[in-house]
Amino acid sequence: MTDDTKKKIIKWFWICVTAPFAMIMLMLILVWVFARIPSFEELEHPDNKLATQLLADDGRTTLTTFHIENRTYVTYEELSPYLVQAAVSTEDARFYNHSGIDMKGLGRVFVKTLLLHNSSQGGGSTITQQLAKTLYPRRELNSSIPGWSKVQMVWIKLKEWITAVKLERNYTKDEIMVMYLNSIFFGSNAYGIKAASQTFFGKLPHELSIEESAMLVGMVNKPTRYNPVLNPEKALQRRNFVIGQMEKAGCFDAMAREAGVKPAAVRDSLQGTAIDVRDYQVQDHNSGVAPYFRDMLRRTMNAKKPKRSDYQFDEDYVADMNRWENDDLYGWLNKHKKANGESYDLDKDGLRIYTTINYKMQRYAEQAVAEHLGSNLQKAFTSELRYKNHKPFSNDIDDETIDLLMRQARKWSDRYRTQKKDGVPEAEILKSFTVPTKMRVFKWAKDSHGEWVGATVDTTMTPDDSIRYYKGILRASFLAVEPVTGHVKAYVGGPNYRYFKYDNVSQGKRQVGSTIKPFLYTLAMQEGMDPCTKVTNISQSFIVGDDTWTPRSTDKAEWIGQTVTLKWGLAHSSNNISAYLMKNFGPEPMAQMMHKMGIQSHIDAVPSLCVGPADIAMYEMVPAYNTFPSKGVYVSPLIVTRIEDNQGNVLSEFTNRKREAISEQTAYLMANLMQGVVNSGTAGRLRGAYGLRGEIAGKTGTTNDNSDGWFIGYTPTLTAGVWVGAEDRQVHFQSLALGSGSNMALPIWGIFMKKVLKDGTLGISESDRFVAPAGMNLDLSCSGGDDDAASREQSAAEFYFE
């Protein structure tokens, strides 16, 4: 072999060896120069749709989110160490030793991508490369030119390598790890590790166990195939594979030494545990804690400046205009802009909204509503439906009214609106409501923890029958407010948000019945009466135009004509005593008192106001009652304390408005008077059936035909109200025993308060007391019980009007 030949062989040898590397370097340079590579700023702020978090009053616990993608970032310190160990062991064993690209895995990537026509990562991508691909997803590769898709894939892969190197140069390994776990889609509408841990296990990331961490990491590349709910066997195999990788990486060595066993024994023990997904719940817009509150907050923040033409009553327009001008949260999204002039988007901008809701109280309130309706009240109502001719409507409702209600319900339904939009003739649309159809309907059931929850049942019925079925489901609302601060602590707008979107706390206005009477008694206290003032229990008549109106007495016959205390009158919800006060003070002063204490709805100042015909929202009634434990100061309800952007910069802070509505002495006298309702009157079940102790004041309310049941009660440290009724007032219990506020609404309050007191961590105790104002010296020894009703001559101590 000649020297020339040897030189040629050596020359071509080095050309063959170096050419691929030169080609790679040339392509990298070309990509760097000509390709669109993310800037550092873009790496810092990728175009992810961040969920807006609604945080509880502790500032840490997430109640729920606004989102398109349910994604919330966490910091490295908020991760379980098992998550990091599982990710490194399974996805990138040399994560802490490379600079973004693992040269050992590079060959496998080229072989699988170019030779085997597999455009996946082929097991060679590092965590940093996976992060680059997740932050900047690949577009669909389609080309009619043979082989061009491969060229495009190589080009994209090189871009990802460069991005990975930039990530490694600008971030620590811990920062890359947390960015990676925050960016992954885990299926079930869970974007990022926080959403995934909450969805599958009802936990925060730092609370995850080894098995749970391994399962979530195992889902990274194929979230549907390894979903433990959809494919439990495959998920178990994959989880156990991850646990095996962790054992090989030495993650169990310290644990094994401490237990005096081999790491393989720890591995086998972990692999032998079953996957527990009892707390699995997809975090969509229908689930989570406080969904009605979330919906109300969205409506509040999206509100536009009120127009008079949109309102029936001046009072409602004035109230909303007052909110627009004085409450920055009302219409916040229309009042505030980003620095670039764009509007904020609750679903994408990752805002942090700090609410006043207490997580535990909210859960207790939701549980109390479900427990009472699911275990007791709905069953009693369904049982009573058997005796109704046009169920669920009451027997005294005429056919014309029923037909009107059904026509309205059809036109409000999605079925009707969809067909109408598609141009289906009216006759065909209406006919479709009479055709039996397979469907799922709501029902109450117990979950795996033994708690009452909303569930579904498969059935076949006509859409008309489904309308009647849903009209027979009882609705409820609950609101709890803290005295003095006005902070809203719990908010439940209905029985189940997935099926009943209407918010009965702030959207719904219903007749308040006898819960209106404390406003009239407040007027009496202000004018010099006290709870032990005695009056005669006789009927009262009013001249109204050309007619005479006499309120129907609800008192037993033996009480009529007796001298009773005002505390007895309120405790027994006596219409005679309320009418007596109305006759002496008049409807206009009572309406003024209600407005002064925070009622913003239109009030007809008529004599019948004393028995509660007014339609008022729960969101007005509870804050008005909250004036009593707030020592006479009306405090507007506060639901949000501040809003931050996704970088933690404070955008807005909020406070509420306060004004003295009544004197401190009047507020104390009302607390004393209303305790008689609980101790000796219509709310006595709180003492008996629910065993509640301590000082509790309140008032039950029942409207005409038992259409609405109310109870609003308060302690020195919490005010809460409950309403229960059907969607239509023509659907109701026939008997007062079942349809009264003391049976429909009060039990929810009792269940809730039992849970709150048992918790012991919420600052509410049976030892809390209403404090009399300094210098007050009145004999308030009357109980409100039957001993306060006696047939005797009026004494000098009795109150009378000249």
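Helices are DSSP runs of H or I that span at least four residues, numbered from the N terminus. In the predicted model described here, one such element is helix α18, which covers residues 414–421 and contains both Asp414 and Arg417. These two residues are 3 positions apart, about one turn of the helix, and their side chains meet in a salt bridge with an N to O distance of 3.0 Å. Asp414 is exposed, as its relative accessible area of 56% lies over the 50% cut-off. Arg417, with a relative accessible area of 48%, is partly exposed. A network of salt bridges with shared partners also occurs, joining Glu247, Arg267 and Asp268.

Within that network, Asp268 and Arg267 form a salt bridge in which the closest N and O atoms are 3.0 Å apart. Both residues are partly exposed: the relative accessibility is 42% for Asp268, and the relative accessible area of Arg267 is 22%. A further salt bridge links Arg308 to Asp314, with 2.6 Å between the closest N and O atoms. Arg308 is partly exposed at a relative accessible area of 32%, and Asp314 is likewise partly exposed at 47%. In total, the structure holds 31 salt bridges. In general, side chains of opposite charge can pair when their charged atoms come close.

Charged residues also appear outside such pairs. Glu77, Glu78, Asp174 and Glu175 form a negative surface patch. Residues enter a patch only if they have over 30% relative accessible area and no salt bridge. Glu175, one of the members, is located in helix α7, which spans residues 173–183. The relative accessible area of Glu175 is 36%, and this residue is therefore classed as partly exposed.

Towards the end of the numbering considered here, strand β18 comprises residues 697–702, and 5 of its 6 residues are buried, so the strand is largely enclosed by the rest of the structure. Strand β18 runs antiparallel to strand β19 (residues 708–715), to which it is joined by 6 bridges. Among the paired positions, Thr702 has Gly709 of β19 as its bridge partner. The two strands form a hairpin with 5 residues between them, and Asp705 in the turn has a positive phi of about 65°. Asn706 also lies in the loop between β18 and β19. Although Asn706 is not a glycine, its phi is positive, at about 65°. Asn706 is buried, because its relative accessible area of 10% falls under the 20% cut-off.

Several other loops contain notable backbone or packing features. Asn189, in the loop between α7 and α8 (193–201), has a positive phi near 65° while being a residue other than glycine. With a relative accessibility of 23%, Asn189 counts as partly exposed. In the loop between α16 (359–384) and α17 (399–412) lies Pro392. The peptide bond leading from Lys391 to Pro392 is cis, with omega near 10°. The loop between α3 (81–91) and α4 (103–115) contains Phe95, which is buried at 0% relative accessibility. The C-alpha atom of Phe95 is separated by 6.9 Å from that of Thr126, a residue 31 positions away along the chain.

Terms used. Residues numbered from 1 in each chain as written. Predicted model: local features only at pLDDT ≥ 70, side-chain atom pairs only at ≥ 80, totals over all residues. Heavy atoms only, no water. Patch = residues over 30% accessible without salt bridge, like charges linked within 9 Å, V, L, I, M, F, W, Y side chains within 5 Å. Areas by Shrake-Rupley, 256 points an atom, 1.4 Å probe, with all protein chains shown as cover. Salt bridge = Lys/Arg side-chain N within 4 Å of Asp/Glu carboxyl O. Lys, Arg positive; Asp, Glu negative; His and termini not counted. Charge placed at Lys NZ, Arg CZ, Asp CG, Glu CD. Buried < 20%, exposed > 50% of the residue type's maximum accessible area, 1.4 Å probe, protein only. Pairing = 2+ DSSP bridges.
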